[in-house]
Amino acid sequence: MVDQNVQGAGIKIKNLYKIFGPRGSSYVEAVKNGMTKTELNEVHHHVLGLRDINIDMPAGGIQVVMGLSGSGKSTLIRHINRLIDPTAGEVIVDGVDVCQMNENNLRQFRRHKTAMVFQKFALLPHRTVLDNTVYGLEIQGLSREKQEEQARRWIERVGLRGFEDHYPNQLSGGMQQRVGLARALTNDAPILLMDEAFSALDPLIRMDMQSVLLDLQKEIKKTIVFITHDLDEALRLGDRIAILRDGEVVQQGTGQDIVLQPADEYISSFVKEVNRGRVIMVDTIATTTGGPADAGHVSVASGTTLEEAAKTMTDANQQYATVVDENGKALGVLSMNSLIQAMVTPISHLTAVAAE
Amino acid sequence: MDWFYSFPNMNDETLRNLKKAMDEGFKAFTREYGDIIESFFQPLQYFLIQAERFMTGTPWPIMVLLIAGIAWIASRNWKIVAGTVLTLLLIGYFDMWSDAMKTIAMIFVGTVVSIVVGIPIGIVMARSDGFQRVVNPILDVMQTMPSFVYLIPVVMLLGIGKVPGLIAVVIYAIPPMIRLTNLGIRLVDKDVLEAADAFGSSSWQRLKNVQIPLALPTIMAGINQTIMMALAMVVIASMIGVQGLGQPVLRSVNGQFFSLGLFNGLAIVGIAIIFDRVSQAYGKRLQKHQEVVHG
């Protein structure tokens, strides 16, 4: 899967531990041997931030890290550019372990390899939109002309043209985060770190910003690490999703993996409320047997979501559709019945019924 | 039960010897190092004399225009400029022009020294908790110790004159500068600092681009306080030979001249108000971006 357009850099997180407290490193062994978060906290007064995190983030994709507050997701993203130092483990970007970098290399790494968008925007209040946007390039020491050229391009791209000379507090939250996004993109780093970037925004504006991001990603193909506490957002944005709980990864995979096979009760309780039709793909429920001989009137591409397939079939007024791959080869048959079943019933029930 | 009613103090002999030893020790120190310390403050004296020469030597109409011009540049407010000019004219009309100019020169130099020394100390203090723990009690002493007490060693070391007066003014006026610089930097939004780090700022870039600009309103309040405290010191500094509006006030206390004291006192108040309004308006103008708020 080598895509020539990919600009991102892969990130490998290996056996990462973070224990907060004055003598964190002396408890790593104990935690590895199974000491619980509660014991560490109550007996030793240290806080377990992350336990044995292993995530492989492929270049050019959107990796979502999802978890509720206190799950360690913000701690995790801060290890990638080492705003927080790990207690043990490795974060490998482009073959180099970020955790081993000296101060100077780390600074260069932050300047050229990563850019970050923050939940609370974190714009400089005394600088205009333009001056905020050039910040990363200014730090790098580029000429003002080049800074502005890049910045103006991205300001326009995120839809803020005409606001260059406004101060952040003259803008709405959504617009401020667009500045945050433009600032990060102007840096033109292969890795984009987004820490609950849209969580502080109104639902409608949040949707809007998600579309902006997905749209941009088609063009920039960076490695994006996106932190969120919202499963719908995670499913909409994430090529891959890792779910964090109490500092541990409880499940990782594609959105569909997580919706179809929640690893435990905790994840099931999240997944329950999800609009399944937008996550599950036709391939999952298509069958190679059954269905009438004239099923092939409508065809839907492999990888289509149930919701889109349902719309195609309703528009064509058909009860059956053929699932085809990119070459037009039939892969299986889809019935309206199974489609509706999969959209409304948890898949575990569905398979139970099918087995009868 | 004698000890119960009268405090069992050190016996007179020991106490006398202790004080004597301290006094002689300090006198010896003065004899030994007085000249070196005096030469150390030579540049300050030069600066002070030049400032005073400029203020008193420039013809008054030019001086009025100059101060009004500065007030305009800093505040962009006609009312403040008009108030400034009126105050200056009244001071001149009541024959206090040259004293007032000497006082302004003194305040100016005192404030500049306080800023130049105070801001770096405040910055270091904000970066190091250890340094803060050391400096804070010193600042407490500087602010609460009656100024006459530290005038004694200063006069013993440097004699009577402008420089010891300036030092007394700075000792009294610098604490708010240091404290508010420290406070301002410590209160800078952690999220914004984190963003600066995430983009790879060096610590100088952090200071220059984020900490100082965001702390500026607090630092400006510190400068304003420093100016006010320096003015308050003018009368006390006149006791050790600092010329200006303090001298006639001192004379009027000694000779019970009510009107002389009142006029000069009011002139000090007038200058204080000019400095205060102009520096505050300037501080506010620097924070223009805070004014227009979205919905």
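This is a short tour of a predicted model, with a suggestion at each stop for what to select.

**Stop 1: the sheet in chain A**

Start by selecting the strands of chain A that make up the open sheet. There are 6 strands, lined up in the order 6-7-8-3-9-10, and the pairing is mixed. Now colour the two edges: strand 6 (114-117) and strand 10 (248-253) of chain A each pair on one side only. On average, neighbouring strands in this sheet are turned by 15° against each other, direction ignored.

Zoom in on the edge at strand 6 of chain A. Strand 6 runs parallel to strand 7 (residues 191-195) of chain A, and 4 bridges join the two. For one partnership to click on, pick Ala115(A): its bridge partner in strand 7 of chain A is Leu192(A).

**Stop 2: helices against the sheet**

Next, select residues 73-80 of chain A, which are helix 3. Helix 3 packs on the sheet and touches strand 3 (62-66), strand 6, strand 7, strand 8 (223-228) and strand 9 (240-245) of chain A. The direction of helix 3 makes about 155° with that of strand 8 of chain A.

Then add residues 173-186 of chain A, helix 8. Helix 8 lies across strand 6 and strand 7 of chain A, and runs at about 180° to strand 6.

**Stop 3: helix 7 of chain A**

Select residues 144-157 of chain A to bring up helix 7. Try a distance check here: at 1.5 Å a residue, its 14 residues should span 20 Å, and the end C-alpha atoms are 20 Å apart, so the two agree.

Which residues of helix 7 are buried? Show side chains for Gln147(A), Gln150(A), Ala151(A), Trp154(A) and Ile155(A). Turn the view to look down the helix axis: these buried residues fall within an arc of 135°, so they line one face of the helix. The general rule behind this is that an α-helix has 3.6 residues a turn, so residues three or four places apart point the same way.

What do the buried residues pack against? Bring up helix 5 (129-133), helix 6 (135-140) and helix 8 of chain A, and you have their partners. Flip to the face turned away from the buried side, and you'll find the exposed residues Glu145(A) and Lys146(A). Just after helix 7, stop at Gly159(A), which takes a positive phi of about 85°.

**Stop 4: where the chains meet**

Finally, show both chains. Their contact takes 19 residues from chain B and 21 residues from chain A. On the chain B side, select helix 10 (190-198) and helix 11 (203-232), the elements that give two or more residues. Helix 10 of chain B supplies the largest share of that side, 6 residues. Coloured by class, the chain B side has 8 nonpolar, 8 polar and 3 charged residues.

Technical notes
Residues are numbered from 1 along each chain as its sequence is written. Chains are lettered from A and ligands numbered from 1 in the order in which they are written. This is a predicted model: local features need pLDDT of at least 70, side-chain atom pairs count only at pLDDT 80 or more; totals for chains, interfaces and linings use all residues. Two residues are in contact if their C-beta atoms, placed from the backbone, lie within 7 Å. Ala, Val, Leu, Ile, Met, Phe, Trp, Tyr, Cys and Pro count as nonpolar, Asp, Glu, Lys and Arg as charged, and the others, Gly among them, as polar. Two strands pair if DSSP finds at least two bridges between them. Axes are lines fitted to C-alpha atoms, for helices over the stretch in contact, and angles run from 0 to 180 degrees between N-to-C directions. The expected span of a helix is 1.5 Å times one less than its number of residues. A residue is buried if 20 or more other C-beta atoms lie within 10 Å of its own, exposed if 12 or fewer, and partly exposed in between; C-beta atoms are placed from the backbone. The arc is that of the directions from the helix axis to the C-beta atoms.
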